[in-house]
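Biologist: Got a minute to walk me through this one? I'd like to get my bearings before I go back to the bench.

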Amino acid sequence: MQVYLDHAATTRVFDEVAREVIKVFTEQFGNASSLHSHGEQAKQIYESARSKIAKHINVLPEEIFFTSGGTEADNIAIIGFLRANFPEGGDLITTEIEHPAVLEVMKYLEKLGYSVTYLKPSSEGYIKASDFKKAIKKNTVLASIMWVNNETGVIQPIDEISKIAREHGIVFHSDAVQALGKLKIDATLVDMLSASGHKFYAPKGTGFLYVNKSIKIHPIMFGGGHERGLRSGTENVPGAHGMATALQIIEKNYDLWQKKMLKFREKILQTIEKIPNHHINGENTIVSHINVSFKGINGETLATALDMRGISVSTASACSSHHGSSQSYVLKAMELDEWIVTGAVRITLGYDNEEEEIDYFNQVLLEEVERLRKLQE
Amino acid sequence: MQVYLDHAATTRVFDEVAREVIKVFTEQFGNASSLHSHGEQAKQIYESARSKIAKHINVLPEEIFFTSGGTEADNIAIIGFLRANFPEGGDLITTEIEHPAVLEVMKYLEKLGYSVTYLKPSSEGYIKASDFKKAIKKNTVLASIMWVNNETGVIQPIDEISKIAREHGIVFHSDAVQALGKLKIDATLVDMLSASGHKFYAPKGTGFLYVNKSIKIHPIMFGGGHERGLRSGTENVPGAHGMATALQIIEKNYDLWQKKMLKFREKILQTIEKIPNHHINGENTIVSHINVSFKGINGETLATALDMRGISVSTASACSSHHGSSQSYVLKAMELDEWIVTGAVRITLGYDNEEEEIDYFNQVLLEEVERLRKLQE
Amino acid sequence: MTYSEKFKQLFMYPAHANQIDYTHTAEVVYPEHGDRVRIFVKLENFLIKDISFKAIGCPRVIAASEALCRLVNGKNINIALEINEEHIRQEMDFHDKEFKCIMAPVEALKKALSKLENE
Amino acid sequence: MTYSEKFKQLFMYPAHANQIDYTHTAEVVYPEHGDRVRIFVKLENFLIKDISFKAIGCPRVIAASEALCRLVNGKNINIALEINEEHIRQEMDFHDKEFKCIMAPVEALKKALSKLENE
Ligand SMILES: Cc1ncc(COP(=O)(O)O)c(C=O)c1O
Ligand SMILES: Cc1ncc(COP(=O)(O)O)c(C=O)c1O
Ligand code: FES
Ligand code: FES
């Protein structure tokens with residue numbers, strides 16, 4: 001049996017979304033910027049997608065800008081905001097547990113002369129709002145704090161941080177790549193928000209950025225002036241339509257699917273409980289996300305054993321070079337024990353998982369943990 | 001009858017490409033950076049696409065970098081090259097007839113302190129290699145000259161310019177967005193080359209950049225370090241596979257399809273010859289491209305009339321605001337008469353056009369030109 | 001740009017682009033737009049007995065010319081002189097306020113009739 | 001990372017991770033990688049009568065341990081001491097040279113047998 005439990009890495013495009021995208025590929029294939037009817041048809045689909053997505057996160061259509069993915073959305077938000085408003089420098093607040101799409105931008109900005117404060121998570125993977133408050137300086141101009149962490153699945157206190165940011169007039173960006181489609185998101189809590197289509201059953205190479213209309217922002221790429229000048233390049237109409245379709249399917253099935261996820265989660269957690277010496281990494285996570293370590297078992301080794309039995313999970317501790325095992329900077333920031341950091345595997349459920357897949361996974365997990373532990377005895 | 005004759009704007013995804021992309025959407029949907037078998041399957045498809053594309057333009061797989069389109073490829077090539085090699089400034093050579101994806105980058109660079117020399121085309125839309133040679137300065141570090149112009153279809157003398165650039169040690173980038181799939185391209189003539197998938201029957205939101213392995217180049221976007229650090233963001237595996245598939249289909253049918261295009265082109269040109277007072281804009285164009293003006297008829301008006309009869313062509317002279325009619329900067333740079341500039345319509349054939357479509361177009365063209373001219377008599 | 005069915009009818013099948021015996025005529029040019037409209041009117045006792053146009057320019061100026069002719073043909077000139085932008089837009093079913101050149105034919109009509117007032 | 005069928009057999013179905021009556025044993029640790037291997041050898045007249053391992057660490061170190069055991073079990077120690085990286089890679093059908101930790105079991109075996117040489 002093939003069981004995919006790595007939905008935080010990417011998702012299978014919903015069948016209905018695939019069919020819709022194909023239709024646009026071959027029927028409404030025009031260039032949305034063309035004046036003729038082929039162009040008009042494409043433009044209508046594109047703008048209708050924008051409206052649906054805007055509605056999904058409770059903002060205005062003109063506040064949605066399509067991008068090629070989460071990485072680009074993060075880059076435009078942070079770099080574009082600073083170029084437009086604080087080209088001379090300033091202090092930024094982010095966290096130690098952001099995705100590289102934010103962290104690497106911060107490193108780049110540090111080289112340009114910006115200062116960056118990195119907030120530390122609790123050992124449960126949580127950024128404390130009080131820490132955020134303490135980190136605010138006179139020249140703090142922007143905060144970028146993710147909605148849900150991609151390794152642990154921990155939901156961050158966006159509402160509390162939002163309040164503090166507003167009190168201090170700090171523009172607040174959130175990388176919601178792991179939150180979209182999994183939580184009900186009210187984007188008006190923040191000023192800018194990034195999302196990536198392939199994380200919610202839409203095609204790869206799609207994403208969007210919400211920018212509150214009061215925020216001035218510059219492009220990081222130049223060209224034909226598409227997306228009101230913020231993101232040039234021929235509009236990815238099928239991609240946008242795919243994202244909107246996927247979000248609508250999720251909206252429609254949300255309660256039902258959350259219940260299903262919860263049931264599967266409970267089943268997996270019960271299995272894990274049967275195994276001595278484990279540690280669940282992160283508290284208050286999204287339902288689909290379980291990050292766990294088993295003492296004495298390297299995360300890569302467990303993931304490989306599961307993979308050889310048809311199950312895809314992921315690990316952040318793969319050894320990728322002769323320089324030694326690379327460890328998860330997220331779990332390290334949480335100051336967890338060495339065995340927990342090197343042992344972590346990430347199991348992320350999807351709306352398309354079936355109960356028999358979960359049952360198979362549970363059985364294999366028990367067997368492989370036992371087998372790998374026996375190799376040491 | 002619906003007739004699409006705007007293939008320079010975008011193309012309909014080939015049916016076979018659509019089917020292949022869907023398969024990747026739903027079967028090889030893994031994240032190409034994941035270590036498990038779902039990831040491996042995706043990675044294999046991705047790297048195989050890279051190899052096929054590299055072969056198509058006669059370069060090495062590791063010289064191909066996937067992007068989200070032509071605009072991004074142009075931006076990375078020019079900005080990324082300068083950031084890596086000449087962050088302090090230098091002189092750039094480009095042309096007045098580049099696409100905004102290059103021209104707007106140049107404007108941005110001018111603001112940063114670079115100097116830019118813009119070459120003027122001949123009245124036939126041609127950049128003279130001798131003009132390029134004359135424009136070279138001591139501090140010229142990069143040239144960016146398109147392979148085929150998007151408005152006129154004129155093929156630029158890339159081989160001659162290449163020779164001169166190499167003699168002077170100037171790195172040479174070419175925007176080949178309008179050339180890929182229409183000409184046999186040997187990318188080793190240049191040091192960097194941009195392409196966009198949706199121009200050759202692959203999905204929107206795809207593209208690639210060739211960078212000769214001797215060239216140092218920096219990213220313009222930061223994140224997980226995909227594409228050997230040059231272009232972060234989860235790999236668009238279905239998109240890359242779509243591009244490779246489309247190019248293979250074109251390779252297989254190239255001679256046959258070129259013949260067909262040529263026949264259609266001749267038919268259209270014969271029709272145009274019947275109409276007094278016209279002007280063909282551009283000489284030595286790709287086969288699929290005809291840019292023509294009819295005296296006394298506004299290009300937008302002719303395009304609209306054709307559109308109302310089911311035919312999509314494009315014009316660069318649409319009036320888009322109360323500031324007056326916007327005119328094609330390309331045709332203006334060619335110093336054509338006012339009536340030619342405002343009258344130009346662009347007819348671009350595609351491999352998927354049928355003979356009856358061309359016959360219908362020819363008939364309607366004759367009728368509408370006559371009708372619109374009568375409105376003035 | 002999507003145009004309405006009404007617009008399409010005006011632009012594709014103008015009934016007033018013919019030659020008539022006119023009593024008054026005038027031309028208006030919007031040079032920055034390349035638009036040029038001439039209106040011909042056959043007046044009888046302050047009644048527009050017939051009207052036609054010649055137009056060169058954008059699709060909007062052509063459709064607007066035909067729209068004007070349809071609106072005022074057979075009408076008293078007082079009615080004709082009250083035609084405003086809104087009337088033309090309604091007749092064209094075209095509501096993008098960015099485009100001002102749809103007033104070129106109206107101006108040409110007024111110019112033609114202004115000669116009458118001066119008579 | 002894709003592994004070969006051979007690798008998979010070694011990693012998933014190691015036959016030498018059992019407990020044996022050993023005469024010699026030694027452990028090697030690659031601390032930066034978190035890899036730890038202990039090799040147990042039952043020697044009789046310079047013949048490896050039996051061999052087993054305990055391993056904790058990455059998939060490669062586990063597969064390499066089993067690969068070594070399969071290669072040297074029943075062999076003369078002179079042959080055992082000649083086992084090199086290439087032999088192990090061949091037996092594993094694993095050719096990514098980046099990973100050096102596949103030599104940990106070989107080192108452990110040599111360490112165990114080095115005691116013998118000193119005897
Ligand atoms: C939290 C987070 N941010 C950003 C990204 C980047 O998104 P993409 O790879 O679609 O550019 C990802 C996923 O890779 C992510 O999990
Ligand atoms: C010559 C040329 N360069 C660049 C581009 C930009 O490509 P894209 O819109 O795919 O980003 C285009 C097409 O729009 C083009 O015709
Ligand atoms: S040409 Fe500008 S609106 Fe008519
Ligand atoms: S852990 Fe680094 S290769 Fe074994």
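Modeller: Sure, we'll go through the chains, the cavities and a few individual residues in turn. Keep in mind that this is a predicted model.

Biologist: OK, chains to begin with. Which two share the most contacts?

Modeller: That's chains A and B, out of 5 pairs of chains in contact.

Biologist: And how do those two sit relative to each other? What turn lays chain A on chain B?

Modeller: A turn of 180°, with a shift of 0.0 Å along the axis, and the RMSD is 0.0 Å. The two copies are thus related as by a two-fold rotation axis.

Biologist: Which surface does each copy use to meet the other?

Modeller: They meet through the same surface, because 100% of the interface residues of chain A are also interface residues in chain B.

Biologist: What about chains C and D, how far apart are their closest C-alpha atoms?

Modeller: 51 Å, and no contact joins chain C and chain D.

Biologist: Then what does chain C pack on? Say, helix H1 of chain C, what do its buried residues pack against?

Modeller: Partly chain B: helix H8 (299-308) and helix H11 (355-374) of that chain. From chain C itself there are helix H2 (59-72) and helix H4 (85-92). The buried residues in question are C:Phe7, C:Leu10, C:Phe11 and C:Met12, in a helix that runs over residues 5-12.

Biologist: Switching topic. How many cavities of 30 Å³ or more turn up in the whole structure?

Modeller: A search finds 8 of them. The largest cavity holds about 110 Å³ of space.

Biologist: Where's that one? Which residues lie nearest its centre?

Modeller: A:Pro203, A:Lys204, B:Phe25, B:Pro203 and B:Lys204, out of 18 lining residues. Helix H1 (15-26) and helix H7 (237-273) of chain A each supply at least two residues of that lining, and so do helix H1 (15-26) and helix H7 (237-273) of chain B.

Biologist: What's the lining like by class?

Modeller: For the largest cavity, 8 nonpolar, 8 polar and 2 charged residues.

Biologist: And the second largest cavity, how much space lies in there?

Modeller: About 90 Å³. The second largest cavity has 13 lining residues, and A:Gly181, A:Lys182, A:Ser288, A:Leu349 and A:Tyr351 lie nearest its centre. By class that lining has 5 nonpolar, 6 polar and 2 charged residues.

Biologist: Which domains of chain A does that lining draw on?

Modeller: Domain 1 (3-10 + 254-375) and domain 2 (15-248), with at least three residues from each.

Biologist: How far apart are the C-alpha centres of those two domains?

Modeller: In chain A, 28 Å separates the C-alpha centres of domain 1 and domain 2. Their contact takes 29 residues from domain 1 and 30 residues from domain 2.

Biologist: Let's look at the serine at 288 in chain B. Is B:Ser288 buried or exposed?

Modeller: B:Ser288 counts as buried because its relative accessible area is 10%, and the cut-off for buried is under 20%. B:Ser288 is in the loop between strand S9 (278-280) and strand S10 (289-294) of chain B. Setting aside residues up to four places away in sequence, B:Ser288 touches B:Lys182, B:Met261, B:Ile347, B:Thr348 and B:Leu349.

Biologist: Same chain, how about B:Ile340, where does that lie?

Modeller: In helix H10 (residues 338-343) of chain B. B:Ile340 is buried too, at 5% relative accessibility. Beyond neighbours within four places in sequence, B:Ile340 is in contact with B:His279, B:Asn281, B:Ser293 and B:Leu331.

Biologist: One more helix in chain B: which residues of H6 are buried?

Modeller: B:Ile158, B:Ile161, B:Ser162, B:Ile164 and B:Ala165. Their cover includes helix H5 (129-135) and strand S6 (171-175) of chain B. Just after H6 of chain B, B:Gly169 takes a positive phi of about 65°.

Biologist: Last one, back in chain A. Where is A:Ile145 found?

Modeller: A:Ile145 is in the loop between strand S5 (140-144) and helix H6 (158-167) of chain A. A:Ile145 is buried, with a relative accessible area of 0%. Leaving out neighbours within four places in sequence, the contacts of A:Ile145 include A:Leu119, A:Phe132, A:Ile158, A:Ile161 and A:Phe172.

Terms used. Residues are numbered from 1 along each chain as its sequence is written. Chains are lettered from A and ligands numbered from 1 in the order in which they are written. This is a predicted model: local features need pLDDT of at least 70, side-chain atom pairs count only at pLDDT 80 or more; totals for chains, interfaces and linings use all residues. Side-chain values use heavy atoms; hydrogens and water are left out. Copies are superposed by least squares on the C-alpha atoms of residues with pLDDT of at least 70 in both. Contact means heavy atoms within 4.5 Å. On a 1 Å grid over the protein atoms alone, a cavity is a set of points where a 1.4 Å probe fits but cannot get out, and a pocket is an open set with protein on both sides within 12 Å along at least five of seven lines; lining residues have an atom within 4 Å of a point. Grid points are joined across faces, edges and corners, and a volume is the space filled by probe spheres set on the points. Helices (H or I, at least four residues) and strands (E, at least two) are DSSP runs, numbered from the N terminus. Ala, Val, Leu, Ile, Met, Phe, Trp, Tyr, Cys and Pro count as nonpolar, Asp, Glu, Lys and Arg as charged, and the others, Gly among them, as polar. Domain bounds come from an automatic or database domain assignment. Buried means under 20% relative accessible area, exposed over 50%, partly exposed in between (1.4 Å probe, protein chains only).
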